[in-house]
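Visitor: I would like a close look at one part of this model. Please take me through the charged side-chain pairs, and then the sheet beside them if it helps the picture.

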Amino acid sequence: MLRRTTATLKSTLSLHITKEASKHNVYHFHRFTSGSPLHFQEKETVCPRHVDTVIAFVLGGPGSGKGTQCEKIVETFGFKHLSAGDLLRKEMVSDSEYGSMILDTIREGKIVPSAVTVKLILRELASGDNHKFLIDGFPRSEENRMAFERITGSEPNFVLFFDCPEKEMVKRVLSRNQGRIDDNIETMKKRLKIFEALNLPVVDYYAKKGKLHKINAVGTEDEVFEQVRRVFEQVSTVT
């Protein structure tokens, strides 16, 4: 289970990985000003475990309804929602060393390098007082998963998987009209192929470890959330 302190770090932080950190299951961070690009600087802080921290990975294909359900989870159970895609898109338009690389990668429907995504996620984990996190859309591959576990020395408490037919996902994405550069039929086809090839092994991995909770993502928002509610009520008794 992933237990980390975040409340004492008020500024935005970036990750510094060392063998010593991995050995003792702690984070090594660098401080940098809020909104600044991700740059490695000299080691400043080591963060020990925090007994209250709970992390849930939220997995599912594009258009499976993850984001909508995460909003309901936040409202009902008080989790902080971290969308890996939103974090990448925000960094993409910032004046950072990774911005143009992220833009080109997303346009091609490919997966952004794990180290970049993990750094963005951990920066957010360290930025507030809430110790309950939904990490939406990550990990997207076994390489993502292994990078996260290698860097943090831990695993999520549990994993939600929104299971949705491909035709339904395509229909939802092409009709949502959010102006995103990846909401078009060609990019959608690429994303679905990547999801099947890379995401499903992650789903299988957590299923074998007994951490996966599969949600039938077809139905009304309330019908789907009723399944989600039961999962959170169940895991709250053991986390």
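Guide: Being 3 residues apart in helix 6 (residues 142-152), arginine 145 and glutamate 142 are separated by about one helical turn. This is a predicted model. The two side chains form a salt bridge, with their closest N and O atoms 2.7 Å apart. How exposed is each partner, arginine 145 and glutamate 142? Arginine 145 has 6% relative accessibility, so it counts as buried, since the cut-off for buried is under 20%. Glutamate 142 has a relative accessible area of 24% and is partly exposed.

Now the next pair. Glutamate 155 forms a salt bridge with lysine 211; here the closest N and O atoms are 3.9 Å apart. This pair links distant parts of the chain, 56 residues apart. Glutamate 155 lies in the loop between helix 6 and strand 7 (158-163). Lysine 211 lies in the loop between helix 8 (185-208) and strand 8 (212-216). Both glutamate 155 and lysine 211 are buried. Back in helix 6, there is a network to note. Salt bridges with shared partners join Glu142, Arg145 and Glu149 into one network.

The structure holds 11 salt bridges in total. One of them pairs aspartate 222 with lysine 72, at 3.4 Å between the closest N and O atoms. It too links distant parts of the chain: aspartate 222 sits in helix 9 (residues 221-235), lysine 72 in helix 2 (residues 66-77), and 150 residues separate them. Aspartate 222 has 56% relative accessibility and therefore counts as exposed, the cut-off being over 50%. In general, side chains of opposite charge can pair when their charged atoms come close.

Helix 2 leads on to the sheet. The sheet is open and has 5 strands, in the order 5-6-4-7-8, with parallel pairing. Which strands stand at the edges? They are strand 5 (80-83) and strand 8. Each has a single partner strand, so one side of each is left without a neighbour in the sheet. From one strand to the next, the twist averages 20°.

Take the strand 5 edge. Strand 5 runs parallel to strand 6 (residues 132-136), and 4 bridges join them. Serine 83 has aspartate 136 in strand 6 as its bridge partner. Helix 2 packs on the sheet, touching strand 4 (54-60), strand 5, strand 6 and strand 7. The direction of helix 2 makes about 175° with that of strand 6.

Key: Residues numbered from 1 in each chain as written. Predicted model: local features only at pLDDT ≥ 70, side-chain atom pairs only at ≥ 80, totals over all residues. Heavy atoms only, no water. Salt bridge = Lys/Arg side-chain N within 4 Å of Asp/Glu carboxyl O. Helix = DSSP H or I, 4+ residues; strand = E, 2+ residues; numbered from the N terminus. Buried < 20%, exposed > 50% of the residue type's maximum accessible area, 1.4 Å probe, protein only. Pairing = 2+ DSSP bridges. Axes fitted to C-alpha atoms, helices over the stretch in contact; angles between N-to-C directions. Contact = heavy atoms within 4.5 Å.
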